[in-house]
Amino acid sequence: MQENVVKALEWRYAVQSFDPLKRVSESDLKVILESGRLAPSSYGLEPWKFIVVENSEVRRRIRAASYDQSKVTEASHLIVVARRTDVRENIVHERIARTAEIQQQDPKSLAGFKEMLDGVIASRDDAALDAWVSRQVYIALGMMMEAASLLGIDNAAMEGFDPRGVDAALGLAEKNLTATVMLSIGYRGIDPAATRQKVRRDFGTVVEFLR
Ligand SMILES: Cc1cc2nc3c(=O)[nH]c(=O)nc-3n(C[C@H](O)[C@H](O)[C@H](O)COP(=O)(O)O)c2cc1C
């Protein structure tokens, strides 16, 4: 198991060229999306939405807003990982309602938690709040990438796009969302990047033990 995890992560690389004919199965896709859904987030706010774009015309439009990156249209699936833009207005109320329903608690018993969350959000200005929300979204991204890699499914994260163009292609602004990062999943095609030696700093440089 330990070896398998490291092997899968060494095998994973940022795919440049996907095989457009190979499709990820619905069951593998579901596992990858569940890995994102189950990701932790600060205070459990889950300020994200994953949009699986299957429509080829929409994918063409997204590609046009993504420096013409071929992986947008050639990968089996494109997942746009969006973040909420209405955090200040709505997210605390939703978190409280969700917890009350799932854990069968009286929302009144969560008043202290609500007050704390309101304080956490009020303490940040709009830019800091948005940056904080973005950070949460990357946890879900990382977990989806790791899950895909463990399943032997190639993946490529992308930040190289104009969020306004992607938002417009998906009508995200009206849904209080904005594209943060995208993830293409599928199977590598003929891709020179696949055989390049992975460039990483040594374990001893990255990790320090204080014992
Ligand atoms: C959040 C994120 C965004 C990225 N955006 C792009 C992108 O838009 N286009 C691209 O070709 N590579 C993109 N990459 C790939 C990185 O350049 C790549 O992961 C890094 O160089 C390490 O190489 P490796 O993933 O092959 O090990 C992105 C990676 C991450 C994690």
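Over the ring of which residue does the charged end of arginine 211 sit? The ring belongs to phenylalanine 209, and the charged end lies 4.1 Å from its centre. A charge sits over a ring if NZ of Lys or CZ of Arg is within 6 Å of the ring centre and within 35 degrees of the ring normal.

This is a predicted model: local features need pLDDT of at least 70, side-chain atom pairs count only at pLDDT 80 or more, and totals for chains, interfaces and linings use all residues. Residues are numbered from 1 along each chain as its sequence is written, and side-chain values use heavy atoms, with hydrogens and water left out.

Arginine 124 also has its charged end over a ring. That ring is in tryptophan 132, and its centre is 4.2 Å away.

Tryptophan 132 leads on to the aromatic pairs. Rings of Phe, Tyr and Trp (its six-membered ring) pair if their centres lie within 6.5 Å; planes under 30 degrees apart count as stacked, over 60 as edge-to-face and the rest as tilted. The count comes to three aromatic pairs. One of them joins tyrosine 43 and tryptophan 132: the centres are 6.3 Å apart and the planes stand at 65°, so the pair is edge-to-face. Tyrosine 43 lies in the loop between helix H2 (26-37) and strand E1 (48-53), while tryptophan 132 is in helix H7 (residues 126-150), so the pair ties together parts that are 89 residues apart in sequence. Helices (H or I, at least four residues) and strands (E, at least two) are DSSP runs, numbered from the N terminus.

How covered are these residues? Buried means under 20% relative accessible area, exposed over 50%, and partly exposed in between (1.4 Å probe, protein chains only). Tyrosine 43 is partly exposed, because its relative accessibility is 33%. Tryptophan 132 has 5%, so it counts as buried.

Tryptophan 48 and phenylalanine 50 also pair. Their ring centres are 6.1 Å apart and their planes are at 25°, so this pair is stacked. Tryptophan 48 is buried at 10%, and phenylalanine 50 is buried at 19%.

Now turn to the ligand. It has 13 residues around it (a heavy atom within 4 Å). Arg12, Ala14, Gly160, Lys198 and Arg200 come nearest. Polar contacts (pairs of N or O atoms within 3.5 Å) involve the backbone too. A backbone N or O atom of alanine 14 lies 2.8 Å from a ligand oxygen. For glycine 160, the matching distance to an oxygen atom of the ligand is 2.9 Å. A polar backbone atom of alanine 157 is 3.3 Å from a ligand nitrogen.

Notes
Polar contact = N/O pair within 3.5 Å; in protein donor to acceptor, adjacent residues only side chain to side chain.
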